[in-house]
Structure formats: C-alpha cells, structure tokens
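Q: Please take a close look at one part of this structure, a pocket and the sheet beside which the discussion continues, and explain the terms as they arise.

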Amino acid sequence: MAETVTTDILIIGAGPVGLFGAYSAGFRGLSTVLVDALPQCGGQITALYPEKEIRDIAAVPGSLGREVVAALKAQADAFKPIYLLGRQAVTLGYTDGRPVVTLSDGTVVNAGAVIVTAGIGTFTPRTLPAGEEFLDRGLSYFVPDPQEHTDRDVLVVGGGDSAVDWALALRKIARSVTLVHRRSAFRAHAASVQELMDSGVEIITDAQVEALHGNGTLQQAHIRIDGQSEPRILPADAVVAALGFISNLGPLTEWGMDLDRRTIVVDTRMQTTAAHVYAAGDITSYIGKVRLMSVGFGEVATAVNNAAVALDPALSLFPGHSTDAA
C-alpha cells in the first residue's frame, strides 16, 4: 500500500522560495509538506553553487549560498514541515475537490492547496561545443568547491551572471582568471560587469573556445577571436563553462495549467488555471515578471495567504506581522 500524507499545503520545490513558503504557511498555522526531486533542500543553490555569494536579498549584503539555504531551512523548521526529498511530483488528481499528488516513489499527498516553487524545473547545463572529452578532467559546468581552483589557471566561459560571478570569486584564489565571451555585451548585472572590468581579470570578447588540449588532464585552451586568423593559446588547468541551463518542467506540463513556454502562468493571487494550485518564484509567468529570489519570496507569501483564505474564507488575507505576538 502506498503511503498517504495529508496536509494543508503541499509545496513542490524545496529551494529558497519553497522554504520561505513553508515558513509563511507555518506562520498561519497551516501544516506543510515539501517535495523535491533533489535529495537535499536548496534547489539550484545547493546543487550548483553552494559557495557562491548571494547578494540580491534585502538586508543581506552578501552571504554564501549554503548559508542562505541553512538560514531559510532553520526559519521553516520552526514550524516542523514534512520533507519528502529525492522524489518527483508526477500526477495531479482530485478527491472531494482536494488536490491529490502522486510522487515518483508511490507516496500520495492529499493537500488543501498546492504551491509549485520548482524554479526552472529539472535542469541540465548547456554544454561547451569544444572539449567535452575533458569533462571532470578540467572542464566543469559549475563550481561546488572554489578551493579546488586554488593556484590554477582558470578559464571561465560565458557572459551571464554565473560566469561573471565565478570569475570575480575565483580571481582571489586562482593563479590567473580569464573570461571568454562570444559577444561584446554581457547579460550579467551592470554592477557586476563593472566590477569585473575593474578587477584585473583578463576579458576576451567576440571569441569562442575552439579546442581544449592536455595530456590526460587539461593544460591548454585554444580561443578563436573574431577577425583573427590564428587561435590564441592560453594555459588552462580548469575551464568553467557557465553557459546556462536547459530547463524541463517534466510531469508538471500534464497538470492542466496554462504554460508560457517553460513557465506557469499565474494571476495576481499566484493562482494557476488548475484548481487549488498556485505557483511562485522563477517558474511563474505574468506581465512584468522579474526573476529574482527576493521577488519569489513575495510571490510565495502571496500564494500562501491566498491559499489560506481559499481553505477557510473566514480568515483574513493579511496574516499580520511576525512582531505582533512579541
């Protein structure tokens, strides 16, 4: 017999937004279950960049990703949510009007409301066209432990926030850091790009990695620069290809929610077109959407409080302030 868990709120995705949703639900006296396909909380932060500095949270000038996740989990744990990790939410059905979600291990969760905070869904890195044979022998797609790059010649490839952030972080410990971007314009935050320009990191734009070379492990990178007939050869013990990720919503696409490409359409209450199903964070789509963690925190609080009123219309939408009981 499959195990059945009954709860007020089921949160799908135990990343930062999902963890704050568990706190928000607990604050309203609602029981919560968090489900995540990953075996630990924290989403992309824990899986991809636990040592990266997070700076876009109000009142947190800079904190390592693992520290942010630990703080959010401690905040959520005050209300004793149930964590069902290492399993995927697969199907959505309804019993007596309540959502019933079946997980990949057969567990059934009967909930008053579902809140999807699954970020970009499952994610796989965009691969570097040249040098894939050096994967795990010098080539990597993220940096779980920056100290592994101490005293190395590091080549970072990409022009987004991750590429710029890793170049800035690794310059403090690496022998050298060079950033290669195929365009002259960067997609990263303007302040980070300016910091990069002032950092001493060598920047090569309008260029691509043509080949990687080494004897067993990586030793050189050949860079093809637009307009130059010969490639530039750089020493490289490590290449970090920060080229972004391909996302996949998986079974969520079969749940009857309106989708906008790989995101879920929500209204101002963060409600989807599926009954009693809400969404928050990077997975949501609406006019004017800004994909920041801080925005996701507000969205999941909105979702939780609207779900609370839907569960009990006698409740006030406004939850009160956490300081009111102090």
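A: **The second largest pocket and an open sheet**

The lining of the second largest pocket comprises seven nonpolar, three polar and five charged residues; Ala, Val, Leu, Ile, Met, Phe, Trp, Tyr, Cys and Pro count as nonpolar, Asp, Glu, Lys and Arg as charged, and the others, Gly among them, as polar. The model is predicted: local features need pLDDT of at least 70 and side-chain atom pairs pLDDT 80 or more, while totals for chains, interfaces and linings use all residues. Residues are numbered from 1 along each chain as its sequence is written, and side-chain values use heavy atoms, without hydrogens and water.

Leu139 stands opposite Val239 in S17. Two bridges join S10 to strand S17 (residues 238-241), and the two run parallel; strands pair if DSSP finds at least two bridges between them. Strands (E, at least two residues) and helices (H or I, at least four) are DSSP runs, numbered from the N terminus. The open sheet has five strands in the order S10-S17-S11-S12-S13, with parallel pairing. S10 and strand S13 (202-204) stand at the edges, each with a single partner strand, so one side of each lacks a neighbour in the sheet.

His149 lies in the loop between strand S10 (139-140) and strand S11 (153-157). His149 is buried, with a relative accessible area of 5%; buried means under 20% (1.4 Å probe, protein chains only). Leaving aside residues up to four places away in sequence, His149 touches Val143, Val154, Leu170, Ile173, Ala174, Ala238 and Val240, where contact means heavy atoms within 4.5 Å.

How values were computed. Buried means under 20% relative accessible area, exposed over 50%, partly exposed in between (1.4 Å probe, protein chains only).
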